2 protein chains.
Amino acid sequence: MSKSTLQDLFGLSSPLRLPVIQAPMAGSQGSALALAVTNAGGLGSLPAATLTPDALRAELELMRLQAQGPWNVNFFCHQPPQADPGREARWRAALAPLCAEAGRPAPEGPAIAARAPFDATVADLVEPFRPPVVSFHFGLPAPELLARVKSWGSKVLSSATTVEEALWLQAHGVDAIIAQGLEAGGHRGIFLGDDLTTQLGTVALLPQIVRAVELPVIAAGGIADAAGVAAARALGAAGVQVGTAYLLCPEALTSALHRAALQSAQAQHTALTNVFTGRPARGIVNRAMRALGADGHWGGCISHQAPAFPLAATHWAPLRAWAEAEKIGLTVVGPEGALATGVLAIRLGEKPAVTARASGVPLRATWSALRSISVLPMPRPEDSRYSAPRVASQV
Amino acid sequence: MSKSTLQDLFGLSSPLRLPVIQAPMAGSQGSALALAVTNAGGLGSLPAATLTPDALRAELELMRLQAQGPWNVNFFCHQPPQADPGREARWRAALAPLCAEAGRPAPEGPAIAARAPFDATVADLVEPFRPPVVSFHFGLPAPELLARVKSWGSKVLSSATTVEEALWLQAHGVDAIIAQGLEAGGHRGIFLGDDLTTQLGTVALLPQIVRAVELPVIAAGGIADAAGVAAARALGAAGVQVGTAYLLCPEALTSALHRAALQSAQAQHTALTNVFTGRPARGIVNRAMRALGADGHWGGCISHQAPAFPLAATHWAPLRAWAEAEKIGLTVVGPEGALATGVLAIRLGEKPAVTARASGVPLRATWSALRSISVLPMPRPEDSRYSAPRVASQV
């Protein structure tokens with residue numbers, strides 16, 4: 001096994017100082033968090049899946065202007081869903097009782113795909129920015145599109161949830177593989193089949209993928225502190241991808257409701273659910289997941305009624321507004337919050353670094369302490385977007 | 001966090017030299033493996049759940065005579081199931097096509113509970129042996145029974161699959177908690193609720209339980225080598241419980257069919273299934289799991305039809321015999337093998353120690369190498385039951 005390090009992979013012009021990737025979390029963060037992480041020495045990630053073309057262009061411009069090291073932009077590459085009016089009607093009916101409780105009109109109209117896969121139009125938009133790293137979720141785009149991305153000099157990452165997917169990604173030309181353990185927040189990256197019982201925790205999945213492939217492997221899922229990084233390294237990871245630990249940072253767009261939930265006992269209970277978008281993702285368990293996803297004995301929070309990804313997301317908007325506005329929403333954590341960003345099965349708020357961050361205590365000391373053992377980078381306040389921008393030398 | 005070590009806990013009279021517990025694997029091992037592990041410096045475990053009273057007595061007698069260190073006997077403590085003739089009839093019908101294919105008569109007659117929970121009769125049988133350690137799966141027995149076990153001086157272990165279960169076990173008086181990550185082979189120990197989506201991988205579950213309880217925590221699930229032990233220790237484990245790595249030992253009762261499957265590419269694919277006993281357990285994916293457990297989209301190998309544990313096991317016997325006898329059984333790995341013992345999501349046969357063991361090469365050198373870094377104990381040939389028995393000084 002002679003695998004290059006992440007520093008080798010991403011740091012040719014601007015060394016990646018820490019082998020930590022900030023997980024892209026659509027809906028909960030944008031360029032501000034990505035820049036803070038990149039400028040602190042990790043690899044910051046810009047999630048593009050839910051951005052309009054104008055918003056994506058603006059965010060990429062910020063990344064190009066202010067990043068002082070390598071950065072990543074993340075896209076979904078699911079198959080666009082087929083409309084299924086009957087299924088959608090049943091789904092609207094399933095949501096109606098929650099809407100009635102919220103005093104909102106029942107959902108109407110057809111489901112809309114609010115998350116578009118990477119395509120040639122998006123490639124046209126992204127190409128001028130030549131992102132140092134492009135990561136994909138749910139597999140990879142078509143070969144000609146992937147070749148375009150690689151022609152820009154971008155390094156390509158994608159997530160594997162099984163050994164089979166890791167070998168597939170290696171055969172299709174990625175530069176490194178994210179081993180997404182079952183603990184990971186947000187959408188499962190599963191793309192070969194839809195059998196959730198094949199999904200393994202990090203401690204089992206990671207070493208299997210490390211043994212199976214020649215590429216560097218990045219551990220994701222359940223890692224939020226120095227002990228987790230040490231464990232991942234013991235299991236052969238070249239680096240780690242960390243998401244939830246960043247959700248309480250001031251640079252994140254995490255809603256007040258979601259921040260409260262993350263710091264509550266409720267965050268101890270996470271589960272996979274497909275009720276918010278149609279694809280399984282890990283989020284804090286809430287009443288909506290229980291009401292719509294309880295499909296009987298041993299069933300959990302998976303609904304066989306939910307429309308295909310991403311159509312199931314269409315009719316949640318009124319309930320999200322209700323939950324946010326009326327502050328009774330801890331029973332319905334904003335779907336974007338609980339879902340698109342997800343929540344690792346790690347209790348936040350107990351680790352000194354995270355506690356300090358959450359309570360607004362300046363992080364310099366904690367940052368230094370953590371960096372001294374080469375682990376979790378917590379963005380330093382002076383690296384946030386509120387600092388004077390500096391033009392990056394790269395790209 | 002001032003937690004005693006496993007050596008403190010189990011080793012007062014006869015020190016436990018290695019913080020490794022051999023997982024009890026009903027159907028795949030008995031006293032021979034348990035003795036080999038105990039006499040090599042770990043904690044060997046005798047699985048009692050499927051033994052008749054006479055067989056249990058004989059095995060306990062062997063443990064008492066030959067163990068040269070602490071040992072463990074493991075019991076199930078599930079609620080006995082209610083008979084449900086209609087459900088059982090549907091289950092027999094579901095199994096009938098596989099039986100037809102095997103040229104066996106379709107299953108008949110009522111389901112039988114072949115696995116009995118720990119009760120006063122079993123306690124009477126066990127008491128004279130005063131096992132140093134007693135472990136339970138699926139919770140704990142009733143308080144008066146647990147008090148009896150503790151009155152013998154036995155240390156008590158049980159498995160937690162959630163933080164809630166760990167706190168429950170601590171409140172009910174266990175001496176240490178096994179954090180059973182989702183990677184673990186065999187039955188999930190889940191006993192508070194039946195929602196499988198709450199089940200977390202070791203890397204997430206272990207540190208949460210370590211933080212939540214005052215007791216020593218033993219990591220189980222996905223650990224089969226030195227790297228896994230190092231990762232578990234980084235996450236706060238006082239010790240580890242290892243099962244599948246022992247299945248290829250000559251002292252194990254693992255069937256030839258199961259040994260072959262463990263060393264095949266098939267072992268890369270494991271899943272949770274309830275089709276063999278009625279409770280979810282991890283095993284190598286086989287055709288029976290796919291045929292009976294595929295409950296639709298995102299469903300995997302869980303059947304909503306399976307009778308309650310352990311009644312679903314009743315009618316598998318003819319198929320197991322078929323698979324074993326006709327050597328076409330890699331499509332139906334003997335249920336006991338794939339199920340009661342389960343298979344960690346670790347590829348066996350790639351680690352030098354395991355390879356050497358599987359190929360029959362004497363293990364002394366490997367054993368020494370492993371012991372020198374205080375990790376996985378591989379039983380030494382001279383410690384097997386084929387050695388001259390020595391009377392243990394303890395108990």
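In this predicted model, the residues A:F75, A:F118 and A:F136 come together as one aromatic cluster. Over all chains, the number of aromatic pairs comes to ten. One of them joins two members of the cluster just named: the ring centres of A:F118 and A:F136 are 5.3 Å apart and their planes meet at 70°, so this pair is edge-to-face, given that an angle over 60 degrees between the planes counts as such.

The two partners of this pair come from distant parts of the chain, since A:F118 belongs to the loop between α4 (85-102) and α5 (120-126) of chain A, whereas A:F136 is found in strand β4 (residues 133-137) of chain A, with 18 residues separating them. As for their surroundings, A:F118 and A:F136 are both buried.

Turning to chain B, the reader finds an aromatic pair between B:F75 and B:F136, whose centres are 6.3 Å apart and whose planes differ by 35°, an arrangement described as tilted. Because B:F75 is part of strand β3 (residues 71-76) of chain B and B:F136 is part of strand β4 (residues 133-137) of chain B, the pair ties together parts of the chain that are 61 residues apart in sequence. Both B:F75 and B:F136 are buried.

Aromatic rings also meet charged side chains here. In chain A, A:R279 lies over the face of A:F138, at a distance of 4.1 Å from the ring centre. In chain B, the charged end of B:R279 is placed over the ring of B:F138, 4.1 Å from the centre of that ring.

Definitions and conventions:
Residues numbered from 1 in each chain as written. Chains lettered and ligands numbered in written order. Predicted model: local features only at pLDDT ≥ 70, side-chain atom pairs only at ≥ 80, totals over all residues. Heavy atoms only, no water. Phe/Tyr/Trp six-rings, centres within 6.5 Å; stacked < 30°, edge-to-face > 60°. Helix = DSSP H or I, 4+ residues; strand = E, 2+ residues; numbered from the N terminus. Buried < 20%, exposed > 50% of the residue type's maximum accessible area, 1.4 Å probe, protein only. Lys NZ or Arg CZ within 6 Å of the ring centre and 35° of its normal.
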